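Trainee: I should like to understand the terms used for this structure, and how each one is justified. May we begin with the terms for enclosed space?

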Amino acid sequence: MNTMKTITAVTKVTDPYLASQELYQQLNNKNICFVLFYYSSAYALESMAQTMNDTFKDIDIVGCTTAGEVTHEGYEQHSIVAIGFSSQYFAISAQLIKSMENFDTINAQSTINKLIDKCQSKNLAPIKNHSFILTLLDGLSSSEEQFLVTLNSATRGIPHFGGSAGDDINLAKTHIYYQGKFYQNAAIVIMVNTTLSFEAFNCHHIAQPTERLVVTAADADSRTVYELNAEPAALEYAKLLNMDLKELSPEVFSLNPLAVKVGGQYYIRSIQKVNEADLSLTFYCAVDVGIVLTAVEMGDIFAPVIKKLDEISQRYGKPELVLTCDCFLRRLEIEQKGLEKKVQEINTKYNIAGFNTYGEHINGTHLNQTFTGVYISGGLNE
């Protein structure tokens with residue numbers, strides 16, 4: 001019996017046609033029923049859409065652009081990571097949502113119903129306790145929070161995780177790929193029904209809070225904070241760090257995040273950019289007037305990940321695949337500290353693959369600066 005459950009393929013070839021051919025050769029298995037792929041926005045996207053569609057014409061394929069790729073061997077840049085799933089262990093259905101802004105509870109219920117029906121038609125495993133949901137969203141949309149809350153209202157308790165598309169930190173355009181075409185302001189909802197044990201998870205490395213800043217002027221729709229403590233937001237943030245405005249950058253944001261406290265827990269609200277015209281700050285997550293943003297000290301970036309994955313492995317055995325949505329700000333921190341070799345060790349040990357995101361999703365919540373994913377066990381469910 002063929003025991004192949006998943007296959008992870010990686011290519012660094014820059015030509016879209018040759019890249020798609022290399023991925024196809026690596027994923028060449030008659031049981032592959034679904035391909036999930038993450039790709040750098042450095043590729044010529046229209047050519048990539050056409051060649052991937054032509055190459056994988058008999059297989060469902062979805063994906064998104066990234067802020068970096070994650071492989072079993074560590075971090076990659078300007079590459080493509082593709083994961084193939086075997087029909088012997090997985091029944092997978094995917095639904096495109098063309099407009100995140102117009103997604104309502106009726107759409108959410110209809111989407112989940114369709115996904116369940118498609119998976120059930122494969123007669124692989126019961127939906128309950130054997131399924132999880134993966135979301136891929138446009139990472140520059142300001143509708144992520146509302147979309148995820150709305151979707152979560154219809155998920156019937158099915159675990160849900162995901163990530164927001166990136167564009168190699170250009171902050172220009174992020175894309176979702178669905179069956180041969182690229183979309184913006186869109187989402188893909190994927191239901192994975194499987195006979196294998198799994199657990200969706202997320203973790204962060206916040207150590208302790210320090211100073212508090214109150215948002216005194218903001219535009220929630222654009223996630224822009226104009227004032228902190230009644231001062232221009234960028235100036236107040238720079239003052240907090242004893243830095244000059246000109247020194248503020250994604251690298252600085254990754255090492256000096258701000259967080260909000262919800263239900264006794266701190267959740268990072270990552271800064272996207274400084275707007276020079278008015279010295280405001282645009283964020284990757286929801287912000288509004290009156291919220292308190294707390295500066296936080298960060299701990300060991302690897303310890304929470306290792307602890308979480310070790311705990312899950314004790315429950316379910318060795319991983320077949322840890323499919324991850326790893327915030328690109330974590331990657332920036334790791335690269336600044338020269339810790340890439342440790343990433344390689346962890347990724348190899350746990351068979352980690354995925355992408356660097358502009359935001360992570362867990363059970364209806366939009367997060368920043370977390371390591372989020374699903375641990376899929378190599379053994380069959382008992």
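Mentor: A cavity is a set of points where a 1.4 Å probe fits but cannot get out, and lining residues have an atom within 4 Å of a point. Please keep in mind that this is a predicted model.

Trainee: What makes Phe 34 and Leu 323 lining residues of the second largest cavity?

Mentor: A lining residue has an atom within 4 Å of a cavity point. Phe 34 and Leu 323 are on the list for the second largest cavity, together with Leu 36, Phe 85, Ile 92, Phe 132, Leu 134, Ile 190 and Val 192. The space in that cavity is about 40 Å³. At least two lining residues come from each of β2 (32-40), β8 (131-137) and β12 (187-194).

Trainee: How do you know which class the residues of this lining belong to?

Mentor: Phe, Leu, Ile and Val count as nonpolar. The lining names residues of these kinds, and the division is accordingly nine nonpolar, no polar and no charged residues.

Trainee: How many cavities does a search of the whole structure find?

Mentor: Two cavities of 30 Å³ or more are found. The largest cavity holds about 90 Å³ of space. Elements giving two or more residues to the lining of the largest cavity are α8 (328-336) and α9 (340-350), and α9 supplies the largest share, three residues.

Trainee: How is the lining of the largest cavity divided by class?

Mentor: The division is nine nonpolar, one polar and two charged residues. Asp and Arg count as charged, and Asp 326 and Arg 330 are among the lining residues. Asn 347 is also in the lining, and Asn falls in the polar class.

Trainee: Why is strand β23 (residues 352-357) called mostly covered?

Mentor: Buried means under 20% relative accessible area. In β23, six of its six residues are buried, hence the description.

Trainee: What makes β4 (residues 69-71) and β23 a pair of strands?

Mentor: Pairing requires at least two bridges. Two bridges join β4 to β23, and the strands run antiparallel. Val 70 has Gly 354 as its bridge partner in β23. Strand β22 (residues 319-327) also pairs with β23, in the parallel sense over six bridges, and there Thr 324 stands opposite Gly 354.

Trainee: Why are β1 (6-11) and β11 (181-183) said to stand at the edges?

Mentor: The sheet is an open one of six strands, in the order β1-β6-β2-β3-β10-β11, with mixed pairing. β1 and β11 each have a single partner strand, so one side of each is left without a neighbour in the sheet. Within this sheet, β2 pairs with strand β3 (residues 60-66) in the parallel sense over seven bridges, and Leu 36 has Val 62 as its bridge partner in β3. Helix α1 (residues 16-26) packs on the sheet, touching β1 and β6 (80-86).

Trainee: Which strands stand at the edges of the sheet β7-β12-β8-β9-β24-β25?

Mentor: Those strands are β7 (90-97) and β25 (365-367); each has a single partner strand, so one side of each lacks a neighbour in the sheet. This sheet too is open, and its pairing is mixed. The twist averages 20 degrees from one strand to the next.

Trainee: How do you know that β7 and β12 are paired?

Mentor: At least two bridges are needed. β7 and β12 have eight, in the antiparallel sense, and therefore satisfy the definition. Ile 97 stands opposite Ala 187 in β12.

Definitions and conventions
Residues numbered from 1 in each chain as written. Predicted model: local features only at pLDDT ≥ 70, side-chain atom pairs only at ≥ 80, totals over all residues. Heavy atoms only, no water. 1 Å grid on protein atoms, 1.4 Å probe; cavity = no way out; pocket = protein on both sides within 12 Å on 5 of 7 lines; lining within 4 Å. Points joined across faces, edges and corners; volume = space filled by probe spheres on them. Helix = DSSP H or I, 4+ residues; strand = E, 2+ residues; numbered from the N terminus. Buried < 20%, exposed > 50% of the residue type's maximum accessible area, 1.4 Å probe, protein only. Contact = heavy atoms within 4.5 Å. Axes fitted to C-alpha atoms, helices over the stretch in contact; angles between N-to-C directions.
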